[in-house]
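Thanks, everyone. I'll take you through one chain today, from a single loop residue out to the whole fold. Have a look at it first.

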Amino acid sequence: MTLLLVLAVAGGQFMAGETLTGHISDAKCGAAHGDHSAKSIGCVKGCVSGGQKPVFVTGDNKILQIANADKVMAHLGHKVEVTAKVMDGTLTIKSVKHLAP
């Protein structure tokens with residue numbers, strides 16, 4: 001019984017993930033679109049619709065892949081806060097909060 005409780009608590013902490021702030025860009029342009037301008041947003045949307053994968057760019061311009069890209073499609077080019085599990089440079093996103101613009 002104690003083992004189940006420990007696993008349940010540890011599993012809950014593991015599933016909660018980290019909260020990160022950054023922006024959603026595309027694999028081709030990476031950190032180049034951190035200004036969130038209409039031009040940058042349009043470029044990210046164009047690249048993604050052209051087949052590039054969305055990526056998460058951290059505040060210090062580290063590029064992280066996104067395992068479940070469907071979670072960010074409404075936020076292309078925008079600053080966001082994500083709650084996600086990070087493993088081997090890839091995010092599995094639990095939630096996304098739109099911050100700007």
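**A histidine in a loop, and the barrel around it**

Let's start with His-78, which sits in the loop between S3 and S4. One caution before I go on: this is a predicted model.

So, is His-78 buried or exposed? It is buried, because its relative accessible area is 13% and the cut-off for buried is under 20%. What does His-78 touch, once we leave aside its neighbours within four places in sequence? The contacts are Gly-22, His-23, Ile-24, His-36, Ile-41, His-98, Ala-100 and Pro-101.

Now a second loop residue. Ser-37 lies in the loop between S1 and H2. Ser-37 has a relative accessible area of 25%, so it counts as partly exposed. Take Gly-77 as its partner in space. Ser-37 and Gly-77 are separated by 40 residues in sequence, yet their C-alpha atoms are 8.1 Å apart.

Let's step back to the whole chain. It has two helices and five strands. Reading from the N terminus, the order is α-β-α-β-β-β-β. The five strands close into a barrel, in the order S1-S2-S3-S5-S4, with mixed pairing. From one strand to the next, the twist averages 50°.

Which pairs can we look at one by one? Take S4 and S5. S4 covers residues 79-87 and S5 covers residues 90-100. These two pair antiparallel, over nine bridges. They form a hairpin with two residues between them. In that turn, Asp-88 has a positive phi of about 55°. Along the ladder, Glu-81 is opposite Lys-97 in S5. Val-86 is opposite Leu-91, again in S5.

S3 also pairs with S5, but here the sense is parallel, over two bridges. Gln-65 has Thr-90 in S5 as its bridge partner.

And the helix? H2, residues 38-49, lies across S1 (18-26) and S2 (54-58). H2 runs at about 80° to S1.

On to the interior. In soluble globular proteins, nonpolar side chains tend to be buried together. Here, the largest nonpolar core has 14 residues. Which of them have the most contacts inside the core? They are Leu-20, Ile-24, Phe-56, Ile-66, Val-82, Leu-91 and Ile-93. The elements giving two or more residues to this core are S1, H2, S3 (63-66), S4 and S5. S4 gives the most, with three residues.

Let me pick out one core residue, Leu-91. We've met it already, opposite Val-86. Beyond its neighbours within four places in sequence, Leu-91 contacts a long list of residues, including Leu-20, Phe-56, Leu-64, Ile-66, Val-82 and Ala-84. Polar residues are on that list too, among them Gln-65, Asn-68 and Lys-85.

Ile-24 links back to where we began. Ile-24 is one of the core residues with the most contacts, and it also touches His-78.

Last, the overall numbers. The chain has 101 residues, and 33% of them count as buried. Its accessible surface comes to about 6,000 Å², with 59% belonging to carbon and sulfur atoms. Now take the contacts between residues at least 6 apart in sequence: 57% of these join residues at least 24 apart.

To close, back to the start: a buried histidine, His-78, in the loop between S3 and S4, on a chain whose five strands close into a barrel. Over to you for discussion.

Notes
Residues numbered from 1 in each chain as written. Predicted model: local features only at pLDDT ≥ 70, side-chain atom pairs only at ≥ 80, totals over all residues. Heavy atoms only, no water. Pairing = 2+ DSSP bridges. Helix = DSSP H or I, 4+ residues; strand = E, 2+ residues; numbered from the N terminus. Axes fitted to C-alpha atoms, helices over the stretch in contact; angles between N-to-C directions. Contact = heavy atoms within 4.5 Å. Core = buried A, V, L, I, M, F, W, Y, C linked by side-chain atoms within 4.5 Å. Buried < 20%, exposed > 50% of the residue type's maximum accessible area, 1.4 Å probe, protein only. Areas by Shrake-Rupley, 256 points an atom, 1.4 Å probe, with all protein chains shown as cover.
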